[in-house]
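Me: I should be grateful for a close look at how the strands in this structure are paired, and at what lies against them.

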Amino acid sequence: MPKKKELCNLILDSCCDLPRHILDDAGVDFFRFPYVMDDGEHLDDLGESMQPKEFYDRMRNGEISTTSQIPTSVLTETFEAAAQQGTPTVLLAFTSGLSGTFETIEHVAADIRKKYPDFELYIVDTRLASIAEGLLAYEAIRQRKHGLGAKQLAEWAEEARWYVRCTFMVDDLEPLRRGGRIPSAAASIGTKLDVKALLGFNLDGSLALSGIARGRKKGLKSICSTYNGERAKGWGEDEIVLIGTADDASAGDWVAKHLDHDEVSIPPLRCDIGPVIGSHVGPGMVAISYWGDDRRESASITDKIAQRFK
């Protein structure tokens, strides 16, 4: 809950992969997604209880991390506390395109609204994950600070999510194959040919293949060239860019150095890819997220038709 009375109570979740201090400084609560390793269940608390290096070293040593949904009891307890506090509340949630958690959240929220009919609770499906979700959340924190109320903030997020761009590369396709995110044949061929998949998000929040690169260095170059060609030019000097890595700071350094970012006054915000996202991408992932043009404008005709019915 906020440290002081606010016009709006903002709740996030740990899949945003933002640095913990940003949420703490803003007085923003967040749901902690569970993950399970050999020693039992852990909660993704944005690196407080397990540092990224420890998590990814355990994966490198053969441990498999699995993830699960946020328990219904935790959702209910958090929304109940917010309702009793009485401050209008917005939740920016992990994409429904990659998890069933959003559907559970909607059911719990419906029950809370029935129990507290005067309580304003807005649930936004970001249709984004990791630092793409984090970019939206980072700006939402700023908009809240500048005075947006809950309804306004939810409406802002519903529109702003379409302008979030993200490109990421994984070092090994096997974790994505194991999680059912890509076909087995694609993972096998990619590994044999040392092909690095460049990925982003479809409009429904599922994964989208945006390109391929032969080798890791070419993949990093593609990430930078994509940013340099797609970033929006009208966001001003305080435009924020997020760079996320799964225990590969040197790759993040290389990307930051090769961005066309000279006219922007603030350096890229560096983020660690947390254990929930990391369970599905493995060590070595490199990602960048930034503001660009409306992604709906570049969607195919069939995607635009489908979007009208969702």
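Reply: In this predicted model, G244 has C271 in β12 as its bridge partner. That bridge belongs to the pairing of strand β11 (residues 242-245) with β12, which is parallel and extends over four bridges. C271 also belongs, with L269, to the covered face of β12 (residues 269-272), whereas R270 and D272 make up the uncovered face. In a regular strand, side chains point alternately to the two faces of the sheet.

Parallel pairing is found in another part of the chain as well: four strands form an open sheet in the order β2-β1-β6-β7. The edge positions are taken by β2 (29-31) and β7 (121-125); each has a single partner strand, so one side of each is left without a neighbour in the sheet. From one strand to the next, the twist averages 25°.

The partner of β7 is strand β6 (residues 89-93), and the two are joined in the parallel sense over five bridges. Within this part of the sheet, A93 stands opposite D125 of β7.

Two helices lie across strands of this sheet. Helix α3 (residues 72-85) lies across β1 (9-13), β2, β6 and β7, and its direction makes an angle of about 155° with β2. Helix α5 (residues 130-145) lies across β1 and β6, running at about 165° to β1. Strands β1 and β6 are thus named in the description of α3 and again in that of α5.

Notes. Residues numbered from 1 in each chain as written. Predicted model: local features only at pLDDT ≥ 70, side-chain atom pairs only at ≥ 80, totals over all residues. Heavy atoms only, no water. Pairing = 2+ DSSP bridges. Axes fitted to C-alpha atoms, helices over the stretch in contact; angles between N-to-C directions. Contact = heavy atoms within 4.5 Å. Buried < 20%, exposed > 50% of the residue type's maximum accessible area, 1.4 Å probe, protein only.
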